[in-house]
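Here is a model to read together, with questions about how its features earn their names.

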Amino acid sequence: MVSLAPRIDPETGERLYLSTQGVGNHLGVELDRGKQIFVIAHRDHLVRATWVAEDAGFLAYGDTAMMPIEYDEEAAQSWNRSRISFLKHDFQARLLLL
């Protein structure tokens, strides 16, 4: 199992943002490409997270029924505070992957 701990800025102590692509890049360092992986992500993010993992060279799959669906109204990234905000952001990002 590969898990990503939050990245912390050593000067400010604040959490650093890690993009979906950044996670895909990290997987490429941690695992051999071509491996089958199970992607764990927010239910609305699972499609793009799986696509990014596939673009990184993995056989990726996930199960939306098992993934969390709640949003955090106080999330650091504004697009993660509500479903409509996230889906606007996510659909734009998906277009870049096509």
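Q: What makes two rings an aromatic pair here, and how many pairs are there?
A: Rings of Phe, Tyr and Trp (its six-membered ring) pair if their centres lie within 6.5 Å, and planes under 30 degrees apart count as stacked, over 60 as edge-to-face and the rest as tilted. By this rule the count comes to three aromatic pairs. The model is predicted, so local features need pLDDT of at least 70 and side-chain atom pairs count only at pLDDT 80 or more, while totals for chains, interfaces and linings use all residues. Residues are numbered from 1 along each chain as its sequence is written, and side-chain values use heavy atoms, with hydrogens and water left out.

Q: Why is the pair of Tyr-17 and Trp-79 called edge-to-face?
A: The centres of Tyr-17 and Trp-79 are 5.8 Å apart, and the angle between the planes is 90°, which is over 60 and therefore edge-to-face.

Q: What does the pair of Tyr-17 and Trp-79 tie together?
A: Tyr-17 lies in the loop between strand S2 (15–16) and helix H1 (20–30), and Trp-79 in the loop between strand S4 (59–61) and helix H3 (83–97), so the pair ties together parts that are 62 residues apart in sequence. Helices (H or I, at least four residues) and strands (E, at least two) are DSSP runs, numbered from the N terminus.

Q: Why does Tyr-17 count as partly exposed?
A: Buried means under 20% relative accessible area, exposed over 50%, and partly exposed in between (1.4 Å probe, protein chains only). Tyr-17 has 47% relative accessibility and therefore counts as partly exposed, and Trp-79, with a relative accessible area of 24%, is partly exposed.

Q: What makes the pair of Phe-38 and Tyr-61 edge-to-face?
A: The ring centres of Phe-38 and Tyr-61 are 5.2 Å apart and their planes stand at 75°, so the pair is edge-to-face. Phe-38 lies in strand S3 (residues 36–38) and Tyr-61 in strand S4, so parts that are 23 residues apart in sequence are tied together. Phe-38, at 33% relative accessibility, is partly exposed, and Tyr-61, at 39%, is partly exposed.

Q: Which residues of helix H2 are buried, and what do they pack against?
A: In H2 (residues 46–55), Leu-46, Arg-48, Ala-49, Thr-50, Val-52 and Ala-53 are buried. The buried residues of H2 pack against H1, S3, S4 and H3, where contact means heavy atoms within 4.5 Å. H2 is followed by Gly-57, whose phi is positive, near 105°.
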